[in-house]
Amino acid sequence: MIRIENLSKSFVLHNQGSATIPVMKDAQLSVAPGECIALTGVSGAGKSTLMRMIYGNYLANAGRIMVGDVDIATAQPREIISLRRETLGYVSQFLRVVPRVATMDVVAEPLLAIGTPADQARDKACSLLQMLNIPERLWSLSPTTFSGGEQQRVNIARGFAHDYPALLLDEPTASLDAKNREVVLSLIDAAKTRGAAIIGIFHDEAARDRVCDREVDVTGFTPQRAA
Ligand SMILES: Nc1ncnc2c1ncn2[C@@H]1O[C@H](COP(=O)(O)OP(=O)(O)OP(=O)(O)O)[C@@H](O)[C@H]1O
């Protein structure tokens, strides 16, 4: 479902004499439907950079990033937007809150975007918010004022509302209590069971061991080692 071939990335710092920082060279990675892989490696090794390239936020310098039959490395913005709507989900660490939009609608939005009838989208949103222990009295409020953990759970509910065939998870269990952490792990398990291909960054080692089938150490893709 996700296949990365010969992927390379350097950052050019235009405001610092165009200094070039090579971060990744010839990265290879393949994730099958139903498989969850963990990106590992020391801080600064390039885990977030790889994730951002797969989501199309950072442009690759060379190589291919196939998600289904779309190559993100060369796709037009329009194709990337459509891929993100239908195929590729991303649970980032922080919720990007739109002021004045009710929590329930924040969670239902990805379903409405693919044409799910409003009542069905709301039902799914409510059941996810319930599972993730967001008190019902908060559902009609904007999550702007929610605690860090509450915002993260709203973000997870939103990320799991639509059954994306491919899913990127950035620290999905960070700042969660034991009970909610279990809920998130069960959502990941369920996504694998329905055939989602998942790539995650998990600093929570026990969580990683529970849900990941494989670890990929991105240090192996740093230019010095690859040379
Ligand atoms: N936008 C950017 N501009 C310039 N350099 C960047 C940019 N983003 C990342 N880098 C550099 O790329 C390297 C990899 O960073 P990245 O954030 O991907 O590492 P990481 O493995 O996710 O680290 P951590 O575990 O600390 O989050 C670092 O040396 C970083 O300074």
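Helices (H or I, at least four residues) and strands (E, at least two) are DSSP runs, numbered from the N terminus. The model is predicted: local features need pLDDT of at least 70, side-chain atom pairs count only at pLDDT 80 or more, and totals for chains, interfaces and linings use all residues. Residues are numbered from 1 along each chain as its sequence is written.

**Stop 1: a strand residue**

Select R64. R64 sits in strand β4 (residues 62-67). A residue is buried if 20 or more other C-beta atoms lie within 10 Å of its own, exposed if 12 or fewer, and partly exposed in between, with C-beta atoms placed from the backbone. R64 is partly exposed, with 14 other C-beta atoms within 10 Å. Now show its contacts (C-beta atoms, placed from the backbone, within 7 Å). Leaving aside neighbours within four places in sequence, R64 touches I4, E5, D71 and A73. Then pick D213. The C-alpha atoms of R64 and D213 are 23 Å apart, and the two are separated by 149 residues along the chain.

**Stop 2: around the ligand**

Select F11, I21, V23, G41, S43, G44, A45, G46, K47, S48 and T49; these surround the ligand. Each has its C-beta atom, placed from the backbone, within 6 Å of the ligand. Which helix supplies the largest share of this shell? Helix α1 does, with three residues. Both β2 (19-31) and α1 (47-55) supply at least two residues.

**Stop 3: helix α6**

Select residues 178-193, helix α6. The expected span is 1.5 Å times one less than the number of residues. For the 16 residues of α6 that gives 22 Å, and the end C-alpha atoms are 23 Å apart, which agrees. Colour N180, V184, L187, I188 and A191: these are the buried residues of α6. They cover an arc of only 95 degrees around the axis, which puts them on the same side of α6. The arc is that of the directions from the helix axis to the C-beta atoms. Turn to the other side of α6: A178, K179, D189, A190 and T193 are exposed there. What do the buried residues of α6 pack against? Their partners are β3 (36-40), α5 (148-159), β7 (166-170), β8 (197-201) and α7 (205-211). Just after α6, stop at G195, where phi is positive, about 105 degrees.

**Stop 4: zoom out**

Show the whole protein. There are eight helices and nine strands. Along its principal axes the C-alpha trace spans about 55 × 40 × 35 Å. Of the 227 residues, 40% are buried.

Notes. Two residues are in contact if their C-beta atoms, placed from the backbone, lie within 7 Å.
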